[in-house]
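Before accepting the labels attached to a model, one may ask what each of them rests on. The questions here take up a few such labels in turn.

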Amino acid sequence: MSLNLNISKKDKIVIFGHKGLIGSAIVEELKHRDYKNLITIDKKKLNLLNYENLKKFFKLKKPNIIIIAAARVGGIHANNIYPFNFLYENTVIQNNIISLSVKFNCKKLIFLGSSCVYPKLWKRPFREEDLSLGKLEKTNEYYAIAKISGLKLCEAYNNQYNKKLPKFITIIPPNLFGSNDNYSSQNSHVLAALLKKFYLAKKRNLKKISIWGTGRPRREFLYSIDAANMIIDIMELSEKYILKYTKGKFSHINIGSGKDYPINTIVSIIKKISGFDGKIEYDQNYPDGVKRKVLNINLLKKLSPKSVDKNIINRKNLVANIEKIYKSLNDEKFEKFEKNNTFNLPV
Ligand SMILES: NC(=O)c1ccc[n+]([C@@H]2O[C@H](COP(=O)([O-])OP(=O)(O)OC[C@H]3O[C@@H](n4cnc5c(N)ncnc54)[C@H](OP(=O)(O)O)[C@@H]3O)[C@@H](O)[C@H]2O)c1
């Protein structure tokens, strides 16, 4: 492993999306590692869709390192109803930030991608090289196209201006869960939705829980704090060292545990944690989606073996972290997300 000597604990690091699931975990872990100049700003004060205001912010703060964890994020339902927002908002947010990071000569940028950039029908775990080799999943196609566009913009910058040195890097995580997850009825992801379902069933003394699909599809889950650590580990690596492995062919890196579980296993884990003793029904009127979605993390293992420490990324810890999040749930958390759940026309 070879560290980036250009990065120091005094660098001015902006974390866009610092209140979100992964953004908040990154802030926590950067503090933990003693980074001293962290810059965050609320959406109310700076809407990232507004280029001119964002430019003023860059001029004023002069950041060195940029982390883009701000995005329009949502589940299948929201992606289906609001394709315009998912494509438009994400491309504008990332184009604004990436272009200004170039203009203001930022030395490092981390862009958060998503596993939906990979082909829908794929037999093996997704490798970085598998991008663009097949058709995208229809349910979140517009979101995926925005993410591919951001990923390619980072790659193009490295190719055109940095002799392929990956100064701007896209990180691709699997499904995440953790504190500050989104529990809204329209925007939540699978694990948050399951936790909420069990929490409410237990509270309301329900006798039955209905789960969408067969429960058989396999998914990979990563705790947001583990993801944040992997992201910072990659941020701290020397670009020449990364280039040795990517050979300038791409500028994105998968993170994860490399392990996937059937949804019904995750359901059993949450059932046990919650103490729910009613019936569980799998409603096969709802689609399963792709059968298996897991990322190949061989590149991460080579680049940063400590990131995938088997004492941390294992089933026991997955269960412990799910339990920690379940125990932190309360009604206000759910209400907050319903209030913030708005989709606007362009500003
Ligand atoms: N969650 C996952 O399972 C997962 C998995 C793989 C990849 N990722 C990627 O990680 C990134 C972050 O995801 P997340 O789950 O952390 O999302 P999140 O919890 O919804 O957080 C997104 C953040 O972006 C902010 N934001 C959105 N639009 C904005 C705007 N116009 N101006 C300023 N701020 C804005 C939100 O602010 P408000 O809350 O104020 O709206 C929120 O703080 C995304 O790129 C996503 O693709 C997530």
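What follows is a short exchange on a predicted model, covering a helix pair, a ligand shell and a sheet.

Q: What makes helix H6 and helix H9 a packed pair, and which residues make the contact?
A: Helix H6 (residues 190-203) and helix H9 (residues 263-274) pack at an angle of about 35 degrees, with their axes 10 Å apart. The contact is made by Leu191, Leu194, Leu195, Phe198, Tyr199 and Lys202 of H6, together with Ile266, Val267, Ile270, Lys271 and Ser274 of H9, and these residues divide into 8 nonpolar, 1 polar and 2 charged.

Q: Why is the crossing of H6 and H9 called left-handed or right-handed?
A: A crossing is right-handed if the near helix is turned clockwise from the far one by less than a right angle, and the crossing of H6 and H9 is right-handed.

Q: How do you know which residues surround the ligand?
A: A residue counts if its C-beta atom, placed from the backbone, lies within 6 Å of the ligand, and 24 residues surround the ligand, the closest being Gly17, Gly20, Leu21, Ala70 and Ala71. By class, this shell has 12 nonpolar, 9 polar and 3 charged residues, and helix H1 gives the most to it, with 3 residues.

Q: Why are strand S11 and strand S13 said to stand at the edges?
A: The open sheet has the order S11-S8-S13 with mixed pairing, and S11 (261-262) and S13 (292-293) each have a single partner strand, so one side of each is left without a neighbour in the sheet.

Q: What makes S8 and S13 a pair?
A: Pairing needs at least two bridges, and 2 bridges join S8 (residues 218-219) to S13, the two running parallel; in one of the bridges, the partner of Arg218 is Arg292.

Terms used:
Residues are numbered from 1 along each chain as its sequence is written. This is a predicted model: local features need pLDDT of at least 70, side-chain atom pairs count only at pLDDT 80 or more; totals for chains, interfaces and linings use all residues. Axes are lines fitted to C-alpha atoms, for helices over the stretch in contact, and angles run from 0 to 180 degrees between N-to-C directions. Helices (H or I, at least four residues) and strands (E, at least two) are DSSP runs, numbered from the N terminus. Two residues are in contact if their C-beta atoms, placed from the backbone, lie within 7 Å. Ala, Val, Leu, Ile, Met, Phe, Trp, Tyr, Cys and Pro count as nonpolar, Asp, Glu, Lys and Arg as charged, and the others, Gly among them, as polar.
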